[in-house]
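Got your viewer open? Let's walk through this one stop by stop, selecting as we go.

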Amino acid sequence: MKKILPFITAFLLCSVAVFAQNREVTGTVTDADSGSPLPGANITVKGTSIGTATDVDGKYKLTVPANASTLVVSSIGYATQEIALGVSNVVDVKLTSSASELEEVVISVGRGAQRTIIDNPVPVDNFTSKELATTGQFTFDKALQYRVPSFNTVNTPVNDASTLLDPYEIRNLGPSRTLILINGKRKNLSSLLYVQFAPGRGETGADLSGIPTDAIKRVEILRDGASAQYGSDAIAGVMNVILKDKFEYSSLNVISGVTSQGDGGTYGLSFNSGTNFAKNGFINYTVGFNQTDNAIRSGTIDPLSEIATFGSYSRTTGDTQQQIEQKNYLANPNIVNFLKVNPTGGNINGTGATTAAKFSINLGIPISENTQFYSNAAFVAKKVLSNANYRTPYWRTDAGLLHVTNPAGINYSGDNTLNGAGVEIYKGYMGYMPTFEGDLSDYNATLGLKNESNGWATDVSLTIGGNEQLYSVNNTVNRSLGAKSPTSFKPGGFNFNHVVGNIDISKAISSKINVAFGSEARSETYKIIAGDTASYSGEGSNSFPGIRAENARTNSRFNIGAYVNLTYDITENFLIEGAVRAEKYSDFGSATVWKLSSRLKLLEDKIVLRGSISTGFRAPTLHQIYAQSTQASFAGGTIVLSGLFNNISKEAFALGIPRMTPEKSDNITLGFGITPTPNLSLTVDYYNITISDRIVYSSSISTDDRKLAVPTTELGRILKGSSVGVGNFDLQSVQFFINGIKTQTQGLDVVASYKNLELGTGKLGINVAGNFTLSNEIVGAPNTPPIIASAGASILNAQIRSLLTEGRPQYKLIGGLDYSIGNWNVVLNNTLFGPTKFQDLDNGGPQMNNIKQVFSSAVVSDLNIGYAFSKNISASFTVNNLFNVLPSWKLELTGSPADPDYAAAKATLEDAVDKRLLEGFLAFSGRYRILGYNGSQFSQLGTTFMGQLTFKF
């Protein structure tokens with residue numbers, strides 16, 4: 001025992017010594033103003049990687065070394081504090097909100113040395129998930145619409161497959177020129193090629209609406225060309241969605257909303273949770289389910305316009321408007337009587353019904369002190385239902401093929417007679433309304449390793465992603481099949497997927513020089529899925545013809561690129577940065593681009609001057625190269641074909657359409673930032689983006705001489721001799737993609753904020769942000785192939801020109817007030833949407849060159865009120881479009897009296913009947929007077945209400 005005792009004593013003394021090297025510190029972190037706990041605040045031991053985060057109650061527990069002297073406590077939106085450790089093991093901290101805190105967040109978007117927003121040489125917006133939530137919008141893309149002035153997206157009516165993707169764009173440059181990243185990795189494109197006559201026509205983009213908002217930590221938007229760093233698509237900018245990482249607390253969000261008209265109900269349930277493990281290990285996941293009912297905004301049909309479209313219209317010189325109506329109403333009783341009972345023509349115009357399930361997960365596993373395995377993944381399943389235009393009996397005479405209840409509920413079993421309401425009954429037929437159903441699945445996943453060793457930072461990753469859409473059309477017919485026609489069809493669909501490998505390496509060579517370089521290899525596959533035979537035989541299923549078997553195909557390509565980025569801090573305040581990138585594509589060749597940027601800080605960082613100049617490129621998407629869709633229809637007693645012919649088709653070759661090449665861009669950005677006080681800031685940035693060889697979806701190309709036995713033009717002979725698809729039928733018209741134009745876009749981005757204004761016992765924040773388009777124009781003449789030009793046709797008609805240059809707001813200004821007092825938070829945002837214009841009367845005669853549809857400027861006000869019942873339960877209520885402002889438009893005379901068609905246009909607008917007919921044609925006889933075919937600057941649904949209840953645990 002005497003021999004063992006010394007060993008026991010030594011062991012106990014060593015244990016006490018070891019234990020004395022560490023101690024446990026606990027405490028609570030709260031808001032200095034409200035006293036409420038701050039979950040997710042970070043507490044670290046200064047000078048070490050030892051740290052933790054507060055729980056839902058703001059509490060923390062941390063084991064610190066005995067010699068530790070300082071704790072660093074931080075949270076987004078609050079000023080970071082350093083707390084000296086004393087004798088006590090209980091350390092409570094009160095954090096004060098800070099206007100400059102977000103500017104101090106190290107941004108992830110961009111290459112090379114990581115910098116804060118103030119230090120960055122190019123403009124970057126940074127939005128937290130809380131800021132997105134206060135918009136009261138149901139999806140991520142719509143929330144951005146009311147937070148980012150240069151970002152625009154709007155629902156379009158009767159949109160078939162487009163119900164699955166609302167086009168979006170930054171700086172009026174279309175969805176395909178903004179690169180979308182998830183945690184810094186490229187997000188896959190949608191498989192849908194958008195072909196509606198609305199902004200974004202002929203392009204595709206990532207499905208932003210599928211990203212669950214509750215999974216987002218913050219969003220960074222780089223408002224500058226970045227092709228030299230990221231490759232194709234980053235012409236207008238880069239959007240990087242940063243997912244929630246370290247677990248703070250579990251949350252359950254219950255959401256419900258409705259429009260002021262009682263339709264368009266929205267219902268959502270979202271759960272976010274996770275756990276932290278090991279040292280800096282985490283898993284964070286989100287599961288969400290939501291549903292949106294359709295909101296109906298059908299317009300009343302103007303009988304005179306309807307007669308001019310479907311009936312027998314006549315007018316005698318000198319007739320008054322009343323005489324014209326009386327004569328035409330008497331001559332077309334079938335139309336007039338039908339509209340008496342069905343003033344909307346049976347149409348159900350509005351947003352489609354959508355049901356979606358979303359899942360997202362973000363994972364980080366420390367492998368060693370310097371190495372981390374990371375992964376993230378997401379999956380979205382979505383189903384939509386929308387309605388096509390109602391086929392009135394005087395429009396589609398498919399009697400006997402489809403028997404449905406007419407919209408007025410009239411018994412139509414007899415012969416053509418008048419019922420008690422004085423409405424003519426069509427024998428066995430009162431029309432029908434086709435429906436469209438779409439099923440979407442979208443996924444993306446990334447896994448990778450990050451390592452820091454000897455000053456070298458390495459990031460190696462593999463990303464996959466895909467999007468598939470399959471369609472169904474019901475309650476319609478294929479007239480070509482007669483009585484054998486089914487009433488439900490499977491018209492096919494599309495699939496797109498990619499596999500991306502990245503390696504990024506960076507190192508601070510010295511305190512002044514940082515170098516970064518890396519490579520990306522990407523494989524893309526685009527698949528066109530044929531419909532069932534009945535959906536495309538002859539004319540195909542009415543409203544949405546199927547994809548023909550001969551147009552179904554699978555195409556792939558591969559590209560590899562490499563970049564080098566060098567940053568040089570010449571002085572503490574003066575920075576220059578340069579990058580160069582080279583890419584090689586398997587289908588069209590190579591592209592090399594570069595970028596130079598600089599930043600100068602003055603007056604102790606109170607003034608920042610910044611600017612960049614760069615070149616960029618955008619590869620034609622596989623959709624634009626290979627998409628092909630032909631449609632047959634009866635005309636002149638025969639079947640004729642029209643549609644989109646792909647870039648490698650014999651029709652494109654015969655017409656002299658060259659193989660597509662990348663778009664090329666030149667970007668210039670100049671700006672400044674002023675921060676006179678920690679709470680006041682202002683930034684102004686000018687941008688100039690010139691795109692050469694811009695890819696466009698052409699107008700419909702045709703010529704009258706194709707109807708002749710021997711056409712007189714080469715275009716006519718090509719159309720006459722084509723035999724595509726359903727037999728040796730005349731080709732009525734063709735459309736295609738082409739590197740067709742050069743465009744220049746100039747504008748200003750302005751962002752100002754004033755935070756922490758004392759107002760009573762609360763604090764007020766003021767935010768103003770605006771985007772002003774100085775010019776958005778087509779430079780020079782379109783690149784129309786000689787065969788088409790010699791026939792007097794053009795690849796761009798007036799309608800498409802207008803969509804490209806005037807289809808988005810000329811300016812957008814967002815002014816917001818954010819007031820917090822106690823457990824209350826009130827946010828009021830006012831968004832000023834500038835005017836848009838549409839030259840949408842291309843076939844109305846030459847006078848249409850001087851008449852445009854002009855949407856007026858309007859202010860949309862949104863109010864969000866939030867209240868925290870306790871630290872675990874909070875609620876918010878949002879009224880969007882508080883004053884029920886709806887888009888409004890009118891026809892305006894444009895140009896000058898010297899224009900050859902000005903006098904005819906002026907006379908048309910001064911004639912009440914002609915103007916009435918033009919307005920009718922624009923809105924399909926009034927069906928789309930409320931919900932315009934071209935969309936508008938903002939939602940056309942009017943006032944909506946949204947309530948949200950949040951549980952934290």
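**Stop one: a buried helix stretch**

Keep in mind that this is a predicted model. Start by selecting residues 333–341, which make up helix H8; Ile335, Val336, Asn337, Phe338 and Leu339 are buried there. Now add residues 303–310 and 321–331 to the view: these are helix H6 and helix H7, and the buried residues of H8 pack against them.

**Stop two: a strand with two faces**

Jump to residues 42–45, strand S2, and turn on the side chains. Which of them are buried? Ile43 and Val45 are, and they point to one face, while Asn42 and Thr44 point to the other and are not buried. That fits the usual pattern: in a regular strand, side chains alternate between the two faces of the sheet.

Next, pick up the partners of S2. Select residues 51–53 for strand S3, which runs antiparallel to S2 and is joined to it by three bridges. Thr52 in S3 is the bridge partner of Ile43. Then select residues 70–74: this is strand S5, antiparallel to S2 over four bridges. Here Thr44 has Val72 as its bridge partner.

**Stop three: a five-stranded sheet**

Last, bring up the open sheet with strand order S8-S13-S14-S11-S12, where the pairing is mixed. Its edge strands are S8 (124–128) and S12 (185–186), each pairing on one side only. Now zoom in on residues 216–222 and 237–243, strands S13 and S14, which pair in the antiparallel sense over six bridges. What stands opposite Arg218 in S14? Click across and you land on Ile242.

Conventions
Residues numbered from 1 in each chain as written. Predicted model: local features only at pLDDT ≥ 70, side-chain atom pairs only at ≥ 80, totals over all residues. Heavy atoms only, no water. Pairing = 2+ DSSP bridges. Buried < 20%, exposed > 50% of the residue type's maximum accessible area, 1.4 Å probe, protein only. Contact = heavy atoms within 4.5 Å.
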